[in-house]
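Me: Can you walk me through this model? Short answers, please.

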Amino acid sequence: MKIENAMVDTGYAENMDATGIDQFERAIAPTKTRRILRIETIQNELFQQDIGFDELQTQFVNQVRRGLDKDGNYGKRSYGMKSYLMPKIGVVKPLYDAATAARSWEDYKSRPQSDYADREELATRGKDVQRYLLTLALEECLQRDMPMQFHAGDGEAPYIILRNQDPYNLEEVVRLDKDGIMRMPKIVPIHAGYPLVGKAAWLSHLYTNCYFELSIMTPLVHQGLFHRYMQVMEAVPLSKILFGSDAYHLPELYWLAGRWGKRYLAQALGVYVNNGSLTIDEALEAARMILYKNNRRLHNI
């Protein structure tokens, strides 16, 4: 398939350590990998420790900076971050109030999981301290012109709360308002917001800093890919559509994603050529942008 680059979310390492991830990267050579740092990888380790809020905040920021700038992502640097918060709490609003976050941290430590009545209540455990840490991470990404990915597609039931997965729940982090100013960091709703593809596309249409990524649909919804690609290109600028596979476990899924992704993308772009919206050269350039150029620009590769 001649896959030149793979963006790897190391938050799904399945108990591999740095040696295992390095071995995986060598095994898929000459394909190069660039790592994405998962907020929860840092957060979950810290949440197991009996530490005060100030220490929590200091350690979190230090680990984020090490992961983005040095060797804190299993021995290498990162090219962006990812959050899994939306499936838990729904609407994600940045939080800058340290006092509110500190109270949330103390409540988190004082109330065990058994105190929560159901899975939805449990999912909001430590909600405000998690929003605060996410906001700190967003600020670090903004300073470095790095993107923040958000899980935004219904691919992992019954472990998530499906009704929380509305892409519009990300509007406040896309804006990242502070002191009356909308800063607009690079935000990527991962997994096409599927099945709410139109909402994810429209969010990307309205906000210049919000991108659209095609995984989960590609390859797992292959029979409808042509129509979905047409729906995406109806709203999202071609310069902001990112190819993605979200394949896992089976190597054949990566192969299928590459084959079917290019097949149905070609069909969709062919419609634009046939109706005179794009020339053949423009369609070929659009394919290059979607398949790799937009990703390189977004992640500063």
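Me: How many helices and strands does the protein chain have?
Reply: The protein chain has 13 helices and 10 strands. These are DSSP runs numbered from the N terminus: helices are H or I with at least four residues, strands are E with at least two. This is a predicted model: local features need pLDDT of at least 70, side-chain atom pairs count only at pLDDT 80 or more, and totals for chains, interfaces and linings use all residues. Residues are numbered from 1 along each chain as its sequence is written, and side-chain values use heavy atoms, leaving out hydrogens and water.

Me: What is the radius of gyration of the protein chain?
Reply: It is 20 Å, which agrees with the value near 19 Å for a compact globule of 301 residues. The radius is taken over C-alpha atoms, and the globule rule is 2.2 Å times the number of residues to the power 0.38.

Me: And what share of the residues is buried?
Reply: Of the 301 residues, 48% count as buried, meaning under 20% relative accessible area (1.4 Å probe, protein chains only).

Me: Switching to α3. Which residues are buried there?
Reply: Phe53, Leu56, Phe60, Val61, Val64, Gly67 and Leu68. Seen down the axis of α3, they fall within an arc of 130°, so they line one face of the helix. The arc is that of the directions from the helix axis to the C-beta atoms.

Me: What covers them?
Reply: The cover includes β2 (32–38), α2 (39–46), β3 (78–83), α5 (98–110) and α7 (127–144).

Methods. Buried < 20%, exposed > 50% of the residue type's maximum accessible area, 1.4 Å probe, protein only. Contact = heavy atoms within 4.5 Å.
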